[in-house]
Every structure is written in C-alpha cells, then in structure tokens.
Amino acid sequence: MNELEALGVALEVEKAELKFYIDMAKKASDEKAKKMFLFLAHEEAEHWDIFEKNFINKLVEKCELPSVTKEMFETLIPKYEGELSEVKAVEIGMEQEKRTWEFYEKAAEEVKDKNLRKIFDELAKVEKSHYELLKAQYDSVMKTGIWMDYQDFSLEVD
C-alpha cells in the first residue's frame, strides 16, 4: 500500500469511527457513556483533520489519485446494525480501535515519508489509548454496573 492509499484508507476509517461514536452518543442513556462517546468522536474528528491535511499535501506533491477500493478499508470500519446496548457499543469500539491501531502500525512500517511514519506511529498510540479507555469502561460496567468518568483516565501517550 502506498502513502496515498494509506492516507485514503485512514480517512475512511476515521470517518466511520466518527459516525459510530456520534451514533452511540445519541443512543446512550447514561450521561457518562454519552460524554465518553462524544469525547471519542471529537478525537476521531481531530485525526480526520490530520489525515486530510496530509492527504491533500501528498496529492499535490504526487499529482496522482490513490486507488483506494472499498475492499481496502471494509474490514477496518465498525460493523453494527439496529439498536445496540451501551456495553455492546463499547465492545465494538474496542474491536474497532484495535483494528485501527494495528493498521496504523502497519502503515507506519510501509510508508517512506518520515513525517507520515511519525503521524501513523503517534496515532497508533492514540488509538491504543482509546482501546484502553474503552476496556476500562467495559471492565467497570461489567464488574460494578457503573460508568467511570472518562476524565479520570489518562489518554496521554508517551
């Protein structure tokens, strides 16, 4: 996968994650769950901005369009239908964040541009921290039935 394709796939993934977290925030009945989903949606929107800027720069630099196909990103976007419980939404979110961080790690290994490699590396770490947040929420709800306040969980990456 070349740099433009990796960026194109990343844009599709971030768009799908943003939509997923907004949908889950709309459906959440617990206020802490709603805030967590909105926080994650905001994070994914920021990632979209980073990838969009780099995608446009690469388009201008290379003067070519990527050949991103649906098959390239279909396995990386969240799959869900109908109503989901908040716990099921967290499970899907965990699976999604794991797939995304693994894709970003792979993209970081494959791209030649050092700046893009750094971006994919950093965002892989952020996606992993999203996974950890969702996992902590899942564990809390499954053990106590109480949603944690996400602000008590560090999302800082090293």
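The following questions and answers concern the fold, helix packing and nonpolar cores of a predicted model.

User: How many helices and how many strands does the secondary structure of the chain come to?
Analyst: Read from the N terminus on, the elements of this predicted chain run α-α-α-α-α. The secondary structure accordingly comes to five helices and zero strands.

User: What percentage of contacts between residues at least 6 apart in sequence join residues at least 24 apart?
Analyst: The chain has 158 residues, of which 44% count as buried. Among its contacts between residues at least 6 apart in sequence, the share that joins residues at least 24 apart is 76%.

User: Are α1 and α2 roughly parallel or roughly antiparallel?
Analyst: The axes of α1 and α2 lie 8 Å apart, and the two helices pack at an angle of about 160°. Their crossing is left-handed. Because angles over 145 degrees count as roughly antiparallel, the relation of α1 to α2 is roughly antiparallel.

User: Are α2 and α4 roughly parallel or roughly antiparallel to each other?
Analyst: These helices pack with their axes 12 Å apart, at an angle of about 25°. The contact draws on A33, M36, F37, E44 and F51 of α2, together with E86, A89, V90, E97 and Y104 of α4. Since angles under 35 degrees count as roughly parallel, α2 and α4 are therefore roughly parallel.

User: In which hand does α2 pass α4?
Analyst: The packing of α2 and α4 has an angle of about 25° between the helices. The crossing in which α2 passes α4 is left-handed.

User: Which helix supplies the largest share of the largest nonpolar core?
Analyst: This core has 22 residues, and the members that touch the most others are L7, V9, F51, Y104, F120 and L123. At least two of its residues come from each of α1 (3-27), α2 (31-62), α4 (86-110) and α5 (114-144). The largest share amounts to seven residues, and the helix that supplies it is α1.

User: Leaving aside neighbours within four places in sequence, which residues are in contact with F51?
Analyst: F51 is one of the residues that touch the most other members of the largest nonpolar core, and F51 also takes part in the contact of α2 with α4. Leaving aside neighbours within four places in sequence, the residues in contact with F51 are L7, A10, L11, E14, Y104, I119, F120 and L123.

User: How many residues are in the second, separate core?
Analyst: Among the members of this second core are A33, L40, V90 and L133. A33 and V90 also appear in the contact between α2 and α4. The number of residues in the second core is 19.

Note on methods
Residues numbered from 1 in each chain as written. Predicted model: local features only at pLDDT ≥ 70, side-chain atom pairs only at ≥ 80, totals over all residues. Heavy atoms only, no water. Core = buried A, V, L, I, M, F, W, Y, C linked by side-chain atoms within 4.5 Å. Buried < 20%, exposed > 50% of the residue type's maximum accessible area, 1.4 Å probe, protein only. Helix = DSSP H or I, 4+ residues; strand = E, 2+ residues; numbered from the N terminus. Contact = heavy atoms within 4.5 Å. Axes fitted to C-alpha atoms, helices over the stretch in contact; angles between N-to-C directions. Parallel < 35°, antiparallel > 145°, perpendicular 65-115°, else oblique. Left-handed = near helix turned anticlockwise from the far one by under 90°.
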